[in-house]
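Got the viewer open? Keep the selection tool handy, and we'll walk through this one stop at a time.

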Amino acid sequence: MHAHKPLTADALQARNHAPVCRHCGIAISAAPFEREDDQFCCEACFLKQREQHDLADLAGERDRAYLALAEALAAALDAREHETGLHSQRVACHTQVLARRFTQDPQRLRQIYWGALLHDLGKVGIPDAILQKQGPLTQDEWLVMRTHPEIGQRILASVPFMAEAAEIVLCHEERFDGSGYPRGLSGEAIPLAARLFALIDTLDAMTSDRPYRKGLSFDAAKTEILRMSGTQFDPQAVEAFSVEEKILREMVAMKCGMAPIAMEAG
C-alpha cells in the first residue's frame, strides 16, 4: 500500500469534520497520517498493529492474558508519570525492531517485549513528591529514584514465566561503560535486551516534547546516539540501530506527526 503526504494543518482545518482513525473510529486530535483513499491511523492503532505483527505467535490464552495485564500496568504507569503519549508501548515495539536482529525465538521476544513495556514498573514504589517533582531532584531524592529498577525486578520476579523480563527491568538503567545503576554493570554483563532497550528509551526521550524543551529531530538524536557508542550504549546496539534506521525513523515520525507511514491493511 502506498502512503501519501500528510495533510497540512490548513488542509485539516478546512475539513468539515475531525479526521477519524480507520481502525478504532476515534477522532485523531494530533496530526494524522494520510493513507490510501484518504484514510487515517492513530498512533495507538499503529502500535497495536506492530505488536500483533511482532507477537503474532503468542502461545495461547496465558500469553495473551499476560500481555493485556502488562499493557494495562504500563498505561497506568505512564499516566501517573504524565509520560509522553504511549511511551511504554512505543519503546516496547521499537525495542522489538532491534531485538529481531539478534533472535527469532518467540519466547525470548515475548520476554523482551514485556520487559521493555514494564521497564518503569518499580516507580510504583517512588513517592509522588519525587516522581512528579518539577525541579531538579536533590541527592537524597535521586537515591530514592535510583531504587526503582530493583523494586520493579522484585515485583516481576514473583510472576511465573517472567524471569528474563524481570532482568530487563532490573538492568534498564545500566550503561555500557559501567556508569549506570543500580549495580554499575558494564559491557556484556548487562543483558543484551537491556542494552537494546537503553538505546531505544533514549531515542524516544530525545525525540519527545517536554514541558521545558522541544523534542530533537531524528537526525539530531541519531548524532547523539552515534557519539555515545561505547560509552552509554553498546556498539552492537548502535550498529543494529543504524541498520534499522529506516523503520525507526518512520516510527518516530508517526509519534511526532511529521510523516506518513505505509502500514499493512488490517
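## A salt-bridge tour

Select Glu164 and Arg108 to begin: their side chains form a salt bridge, with N and O 2.8 Å apart. Glu164 belongs to helix H9 (residues 163-171) and Arg108 to helix H5, so this pair ties together parts that sit 56 residues apart in sequence. Colour by accessibility if you like. Glu164 is partly exposed at 25% relative accessible area, and Arg108 is also partly exposed, at 29%. Keep in mind throughout that you're looking at a predicted model.

**Zoom out for a moment.** Switch to cartoon and follow the chain from end to end. How many helices and strands are there in the protein chain? You should count 13 helices and zero strands, so the pattern along the sequence is just α written 13 times over. Of the 266 residues in the chain, 46% are buried. Now think about contacts between residues with a separation of 6 or more: 62% of them link residues 24 or more positions apart. Turn on the surface and you'll see about 13,000 Å² exposed, with carbon and sulfur atoms supplying 54% of that.

**Back to charged pairs.** Searching the whole structure turns up 14 salt bridges. For another one, select Glu244 and Arg101, whose side chains meet with N and O 3.0 Å apart. Both partners are in loops: Glu244 is between H12 and helix H13 (245-256), while Arg101 is between helix H4 (87-99) and helix H5 (106-117), so the salt bridge ties together parts 143 residues apart in sequence. Is Glu244 buried or exposed? At 18% relative accessibility, Glu244 counts as buried, because the cut-off for buried is under 20%. Arg101, at 45%, counts as partly exposed.

**Step along to H13.** Pick Glu250 and Lys246 here. They form a salt bridge in which the closest N and O atoms are 3.1 Å apart. Both residues lie in helix H13, four residues apart, which is about one turn of the helix. Lys246 is exposed at 60% relative accessibility, whereas Glu250 is partly exposed at 27%. While you're on salt bridges, select Asp219, Lys222, Glu245 and Arg249 together: salt bridges with shared partners join these four into one network.

**Now a polar stop.** Select Gln232, in the loop between helix H11 (218-227) and helix H12 (235-243). Gln232 is buried, with a relative accessible area of 18%. What does Gln232 touch, leaving aside residues up to four places away in sequence? Show its surroundings and you'll find Arg175, Phe176 and Thr202. With Thr202 there is also a polar contact of 3.4 Å between the two side chains.

**Last stop: helix H10.** Select residues 192-206, which make up H10. This helix has 15 residues and runs 22 Å from its first C-alpha to its last, close to the 21 Å expected at 1.5 Å a residue. Try showing H10 against the surface of everything else: the helix is mostly covered, with 13 of its 15 residues buried.

Definitions and conventions:
Residues are numbered from 1 along each chain as its sequence is written. This is a predicted model: local features need pLDDT of at least 70, side-chain atom pairs count only at pLDDT 80 or more; totals for chains, interfaces and linings use all residues. Side-chain values use heavy atoms; hydrogens and water are left out. Helices (H or I, at least four residues) and strands (E, at least two) are DSSP runs, numbered from the N terminus. Buried means under 20% relative accessible area, exposed over 50%, partly exposed in between (1.4 Å probe, protein chains only). A polar contact is a pair of N or O atoms within 3.5 Å; within protein, one must be able to donate a hydrogen and the other to accept it, and residues adjacent in sequence count only if both atoms are side-chain atoms. Contact means heavy atoms within 4.5 Å. The expected span of a helix is 1.5 Å times one less than its number of residues. Accessible areas come from the Shrake-Rupley method with a 1.4 Å probe; for residues, only the protein chains shown count as cover.
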